[in-house]
Amino acid sequence: MKESQHIEWKETWRDEYLRWICGFANAEGGVLVLGRNDKGVAVGVDNSRKLLDDLPNKIRDVLGIMADVHLVEEAGKELVEIRVEPYPSPISYKGEYHYRSGSTKQELKGAALERFLLKKRGRHWDDAPEPSFTVRSCSAGALRLFKQRATESGRMDRAVLRDGREAVLGNLELIEKHGLKRAACLLFSDRPERFVSGAWIKIGFFLTDDDLRYQDEIHGNLFEQVEKTLDLLSTKYLKAYISYHGLQRRETFLFPQAALREALLNAVVHKDYSSGIPIQISVYDDQIVLWNPGDLPENWTLAKLLGKHPSCPFNPLLANAFFRAGYIESWGRGIQKIQRECREYGIEPPVYDFEMAGLLLTFRANPAHVQAAIEQGETAQETASTTPITTLKAAVKRPVKTAAEEVTPQVTPQVTPQVERLLRVLQGAMGRDELQAALDLKDRKSFQDLYLRPAIEAGLIRMSIPDKPNSRLQRYLLATVETPATPQVTPQVTPQVTPQVERLLKETPVETSAREVTEEVTEEVTARRQKGHPQ
């Protein structure tokens, strides 16, 4: 027998041991045994009769609770046992709150004390009121985004979504008598860190643990944070190894996007926001590490978390809002989904570690996939040296030479991966919503800052109504091409570039080799000659 969650041994009585009794009352109850040493050997107490008379009254007067105090005999020694039941209300010892955890007693302070008091009152951290945040404080953009996602998910009454913001907040149980709850600050404030410290996400790319190359901070309401983070990961941080099958470009990531999305959502919904520390994502060439402050539900083990389990969110109101908006399920299946996605992608499920004052989740790439991607990248570089791949703008600017010469593209200015993606999907004149849908982007601000504005500033895209950039009729087109110089040609060599051919060049896919463009030009001219049209 040894000390445990429910048993504590002391050789004699001291009044300070009322703290241990307080800890048992605030936790799961327990027994304080007087007359047994740290090795568990019964040594007895000399004043057992007096203790039986004094201790019940002392416990009642100082702690305000009742305890069962009785005498037991063991090996001819008298021992006193003090049995304490768990109490539903918080118990304090002279203003101090103690708690039994494992075989130790802890004094609760700060965020831990706040969580304890809320739990004793049947509430969670996100359920506490935030009087300084009102219905009028809510961001119209955040509410609009939630309504859009909730409409798409079909998990919220459409009549409520058509009503005003107060109806939506009330339906989500975010309204208090004197204001809104903390969850509302995180969900519907454009700057939630004004109310909750550390309510943002930090991403960094590392070559080694101590070699940080670049980083980003993602702010905004929690819905925006999730969407912006996923977009940044896929467009800036995750290595996409590119291969070509004909004219089709394929991007292969080392990690399953669905698993990363689920892990990020779990971090956001289950984070302990009282910690004041942001979620941190460390990206390496061959692994991704997510860390968020938090802990397992009470009495849970890692084995229970990884197995089938009921939903037990750390922040129920946040979880409910994300469920209504269609981001998560409500059956506690997120861990199983992550494991399944990883297995189907050919990598091991992530490693979970709760020893870092929070949850550390590590995804590791399959070494065989990493090596294959490196070899694929080297092959792509070799191919690029003989068959240049250019952007559309460079393709329409290149001079046309005779068949005896190679067609040489001009040097293309460096553009970001986001702009490259935008150029690939832009076909003719397209509106903002059409482009976001083609790119599968949800966040308007991310699209504006990372895609559209850089492309316009680089001269790659132009507006149909340049004098009214915010017009609802605004459309975006590829920048006007420059007509190349027209050399003298014969039917046996590359023809001159006519307006009709120039139109063909405009329709050429964004990434096309010089040889493919030449072949398409020749086919166009031949077809026109057969129909009797002039070149």
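**Exercises: salt bridges and a sheet**

Searching the whole structure turns up 23 salt bridges, each being a side-chain nitrogen of Lys or Arg within 4 Å of a carboxyl oxygen of Asp or Glu. Keep in mind that this is a predicted model, where local features need pLDDT of at least 70, side-chain atom pairs count only at pLDDT 80 or more, and totals for chains, interfaces and linings use all residues. Residues are numbered from 1 along each chain as its sequence is written, and side-chain values use heavy atoms, with hydrogens and water left out.

**Exercise 1.** Work out which parts of the chain the salt bridge of lysine 58 and aspartate 15 ties together.

*Solution.*
- Start with the contact: the two side chains meet at 2.9 Å, N to O.
- Now place both ends. Lysine 58 sits in helix α2 (residues 48-63) and aspartate 15 in the loop between β1 (7-10) and α1 (18-26), so the bridge ties together parts 43 residues apart in sequence. Helices (H or I, at least four residues) and strands (E, at least two) are DSSP runs, numbered from the N terminus.
- Check exposure: lysine 58 is partly exposed at 28% relative accessible area, and aspartate 15 is partly exposed at 39%. On this scale buried means under 20%, exposed over 50%, and partly exposed in between (1.4 Å probe, protein chains only).

**Exercise 2.** Find the salt-bridge partner of glutamate 329 and locate both residues.

*Solution.*
- The partner is arginine 155, with the closest N and O atoms 3.3 Å apart.
- Glutamate 329 is in the loop between α11 (316-324) and α12 (334-345), and arginine 155 is in the loop between α4 (140-153) and α5 (158-162), so distant parts of the chain, 174 residues apart, are linked.
- Glutamate 329 is partly exposed at 41%, and arginine 155 likewise counts as partly exposed, at 23%.

**Exercise 3.** Lay out the six-stranded open sheet and say what packs on it.

*Solution.*
- Write down the order: β11-β10-β14-β15-β17-β16, with mixed pairing. Two strands pair if DSSP finds at least two bridges between them.
- Mark the edges, β11 (211-218) and β16 (351-353), each of which pairs on one side only.
- Zoom in on β10 (residues 201-208) and β14 (residues 279-283), which pair in the parallel sense over five bridges. Here glycine 204 has serine 282 in β14 as its bridge partner.
- Add helix α9 (residues 257-270), which packs on the sheet and touches β10, β14, β15 (287-292) and β17 (359-364). Contact means heavy atoms within 4.5 Å.

Conventions. Axes are lines fitted to C-alpha atoms, for helices over the stretch in contact, and angles run from 0 to 180 degrees between N-to-C directions.
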